[in-house]
Amino acid sequence: MAQINVFVLSCATEADQIRWHLMEACLARWRKENVRLRLVHNETTFASDGLLPCDRRIFFGRGLFYADREAEGDYIVIGDDCMPLGMEFAARGLDILSDNPEYEIIGSRFMANKQDEEMIDTLDPGPMAIRKGIIGPIIKSHLNETFNDREMVYWLNAAGHRVGLARDWRHNHLGFKL
């Protein structure tokens, strides 16, 4: 089986020491998993596409588009300040996605989020397990716009796609409200 593609989206700079060290800690954690780790960084990744520089809010969409284009199969997208909890985080996320065919994207639950249901529809997916080919076509026309998770989910829902939040797939958002 091929390695799981994990795309870590980052706007961290060495000038922002706290954010930079959060990213380094999260990347160190990811290196403990058997995944194909891809750091998608605002200042370097898109240079060959002529998409730089860009505002960090525009970067989110470009990072998702890039991940969808470059992934080999279903994949994980996560922020540079989100620490996966438990080993085999990526494999568990894709297993949950596979077990829930009615959803095209499954979000990981933030530690502070209380949820009793195994799976619920959400507007705020956070780190995501994504079916290849779903996000790219939908956000392609929005690459120069700022948007957030909620707007992306509205577009996905309007296209007939569901986005869920999994109770048993969790992360710690180290940079929450930072």
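In what sense, parallel or antiparallel, do S5 and S7 pair? The pairing is antiparallel, and S5 and S7 share 3 bridges; two strands are said to pair if DSSP finds at least two bridges between them. The model here is a predicted one, so local features need pLDDT of at least 70 and side-chain atom pairs count only at pLDDT 80 or more, while totals for chains, interfaces and linings use all residues. Residues are numbered from 1 along each chain as its sequence is written, and side-chain values use heavy atoms, with hydrogens and water left out.

First, the overall layout. The chain comes to 5 helices and 8 strands, where helices (H or I, at least four residues) and strands (E, at least two) are DSSP runs numbered from the N terminus. Along the sequence these elements follow the pattern β-α-β-α-β-β-α-β-β-β-α-α-β. Of the 178 residues in the chain, 51% are buried; buried means under 20% relative accessible area, exposed means over 50%, and partly exposed is in between (1.4 Å probe, protein chains only). Contacts (heavy atoms within 4.5 Å) reach well along the chain: among those between residues at least 6 apart in sequence, 75% join residues at least 24 apart.

Back to the strands. In the S5–S7 pair, Ile106 stands opposite Ala129 of S7. S5 also runs parallel to strand S8 (residues 163-173), with 6 bridges joining the two, and here Arg109 of S5 stands opposite Arg170. As for burial, 6 of the 6 residues of S5 (residues 105-110) are buried, so this strand is largely enclosed by the rest of the structure. S3 is mostly covered too, with 4 of its 5 residues buried. S3 pairs with S1 in the parallel sense over 5 bridges, and Val8 has Ile78 in S3 as its bridge partner. S3 is also joined to S7, this time antiparallel and by 3 bridges; Tyr75 is matched there with Ile130 in S7.

Next, the packing. A nonpolar core is taken as a set of buried Ala, Val, Leu, Ile, Met, Phe, Trp, Tyr and Cys residues joined through side-chain atoms within 4.5 Å. The largest such core has 26 residues, and Leu64, Val77 and Met152 have the most contacts inside it. Two or more residues each come from strand S1 (4-10), helix H2 (56-70), strand S3 (75-79), strand S7 (128-130), helix H4 (135-139) and H5. H2 gives the largest share, 6 residues. Leaving aside neighbours within four places in sequence, Leu64 is in contact with Leu9, Tyr75, Val77, Met128, Ile130, Ile135, Ile139 and Met152. Apart from this core lies another, of 23 residues, among them Ile96, Ile106, Ala129 and Ala166.

Helix H5 (residues 149-158) is worth a closer look. Its residues Asp149, Met152, Val153 and Leu156 are buried. Looking down the axis of H5, the buried residues fall within an arc of 100 degrees, so they line one face of the helix; the arc is that of the directions from the helix axis to the C-beta atoms. This fits the usual geometry: an α-helix has 3.6 residues a turn, so residues three or four places apart point the same way. At the N-terminal end of H5, Asn148 acts as the cap, with a side-chain oxygen 3.0 Å from the backbone nitrogen of Arg150. After H5 comes Gly160, whose phi is positive, near 90 degrees. In the loop between H4 and H5 sits His142, which counts as buried at 16% relative accessibility. Not counting residues up to four places away in sequence, His142 touches Phe147 and Trp155.

Finally, a few individual side chains. Glu24 belongs to helix H1 (residues 17-30) and is partly exposed, at 36% relative accessible area. The side chains of Glu24 and His21 are joined by a polar contact of 3.1 Å; such a contact is a pair of N or O atoms within 3.5 Å, where within protein one must be able to donate a hydrogen and the other to accept it, and residues adjacent in sequence count only if both atoms are side-chain atoms. Glu24 and Asp81 are 57 residues apart in sequence, yet 8.9 Å apart in space, C-alpha to C-alpha. The structure holds 0 disulfides, a disulfide being a pair of cysteine sulfur atoms within 2.5 Å. For Cys26, the nearest cysteine sulfur is that of Cys82, 6.9 Å away. Cys26 is buried, with a relative accessible area of 1%, and Cys11 is buried at 18%.
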